[in-house]
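Biologist: Please take a close look at the buried interior of this model, and start from a loop on the way there. I would like to know which parts of the chain meet in it.

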Amino acid sequence: MKKRIKITESQLNGVLSTFLMEQSVDLPKKFEEIPGEIDNYRSSQPSGYQLRYILENYPIENVIQLNGESSTEKEIVESLGKNYYSINAHDGFQKDKGYVGTLDEVLPILKDGKTLLHCAAGKDRTGYTVAKHLEETMGWDKDKLW
């Protein structure tokens, strides 16, 4: 007779990450380094094992999740001694300026480098934030950003 045991999602992620150490890992969609040579990355929502792999294999110290805190993600990030931020991607909208509340929170973290910025799809929410970061830190104009 086989006995079944219950494991938590965190325990499952730990087991999966052990298996994945010996296999290649498909990174999340849109996973790419942000220009600027300070180890900033953006992506779509990583799974638990993708996130663990990224944090163990890339020089990332901060993870910013736009729109929606995940207790599992927070647990993975903090268990590896990294900083986890859950930030509202639509905070403080001002006409012709964008989501200034979001930018006020995210840009200082990106300026420090070693950050993974992600949202569900890795498109609009990360896109406007990354664009503003590149505009401010690298002087990119709207044509270069496009």
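**From a loop to the core**

Modeller: Aspartate 96 lies in the loop between strand E5 (93-94) and strand E6 (98-99). This is a predicted model, and every value that follows was computed from it. Aspartate 96 has a positive phi of about 70° although it is not a glycine. With a relative accessibility of 76%, over the 50% cut-off, aspartate 96 therefore counts as exposed. Lysine 30 is another residue other than glycine with a positive phi, near 65°. Its place is the loop between helix H1 (9-20) and strand E1 (32-34). Lysine 30 has a relative accessibility of 45%, between the 20% and 50% limits, so it counts as partly exposed.

Some totals for the whole chain come next. There are 6 helices and 7 strands in the protein chain, and along the sequence they follow the pattern α-β-β-α-β-α-β-β-β-α-β-α-α. Of the 146 residues, 37% are buried. If one takes the contacts between residues at least 6 apart in sequence, 54% of them join residues at least 24 apart.

Now the interior itself. The largest nonpolar core contains 15 residues, and those with the most contacts inside it are Ile64, Leu66, Ile87, Val106, Leu110 and Leu117. Strand E3 (62-66), helix H4 (100-112) and helix H5 (124-138) are the elements that give two or more residues to this core. The most comes from H4, which gives 5 residues. A second core, separate from this one, has 11 residues, including Tyr41, Ile54, Val77 and Tyr84.

H4 deserves a closer look. The helix has 13 residues and reaches 19 Å from its first C-alpha to its last, close to the 18 Å expected at 1.5 Å a residue. At valine 106, H4 bends by about 30°, and proline 108 follows within four residues. Its buried residues are Val100, Gly101, Thr102, Leu103, Val106, Leu107, Ile109 and Leu110. Valine 106, where the helix bends, is in contact with Ile64, Leu66, Ile87, Leu117 and Thr129 when neighbours within four places in sequence are left aside. Just after H4, glycine 113 takes a positive phi of about 85°.

Leucine 117, one of the contacts of valine 106, is in strand E7 (residues 115-118). The relative accessible area of leucine 117 is 0%, under the 20% cut-off, so this residue is buried. Its contacts, again without neighbours within four places in sequence, are Tyr41, Arg42, Ser43, Ile64, Leu66, Val106, Leu110, Thr126, Thr129 and Val130. One of these contacts is Leu66: leucine 117 and leucine 66 are 51 residues apart in sequence, and their C-alpha atoms are 7.6 Å apart in space.

E3 brings in a neighbouring strand. E3 and strand E4 (residues 83-87) run parallel and are joined by 5 bridges. Asparagine 62 stands opposite asparagine 83 in E4. Between the two strands, the chain leaves E3, passes through helix H3 (residues 71-79) and arrives at E4, and this β-α-β crossover is right-handed.

Threonine 72 lies in that helix, H3. With a relative accessible area of 19%, under the 20% limit, threonine 72 therefore counts as buried. Neighbours within four places in sequence aside, threonine 72 is in contact with Glu9 and Asn13.

H5 is the other helix that gives two or more residues to the largest core. Histidine 133 lies in H5. Its relative accessible area is 2%, which means that histidine 133 is buried under the 20% cut-off. Beyond its neighbours within four places in sequence, histidine 133 is in contact with Ile34, Ile38, Asn40, Leu107, Leu110, Lys111 and Met138. Among these contacts, Leu110 is also one of the residues with the most contacts inside the largest core, and Leu107 is among the buried residues of H4.

To return to the request: E3, H4 and H5 each give two or more residues to the largest core, while Leu117 of E7 is among the residues with the most contacts inside it.

Methods: Residues are numbered from 1 along each chain as its sequence is written. This is a predicted model: local features need pLDDT of at least 70, side-chain atom pairs count only at pLDDT 80 or more; totals for chains, interfaces and linings use all residues. Side-chain values use heavy atoms; hydrogens and water are left out. A nonpolar core is a set of buried Ala, Val, Leu, Ile, Met, Phe, Trp, Tyr and Cys residues joined through side-chain atoms within 4.5 Å. Buried means under 20% relative accessible area, exposed over 50%, partly exposed in between (1.4 Å probe, protein chains only). Contact means heavy atoms within 4.5 Å. The expected span of a helix is 1.5 Å times one less than its number of residues. The bend at a residue is the angle between axes fitted to the seven residues ending there and the seven starting there. Two strands pair if DSSP finds at least two bridges between them. A crossover is right-handed if, with the strands pointing away from the viewer, the path from the first strand over the helix to the second runs clockwise.
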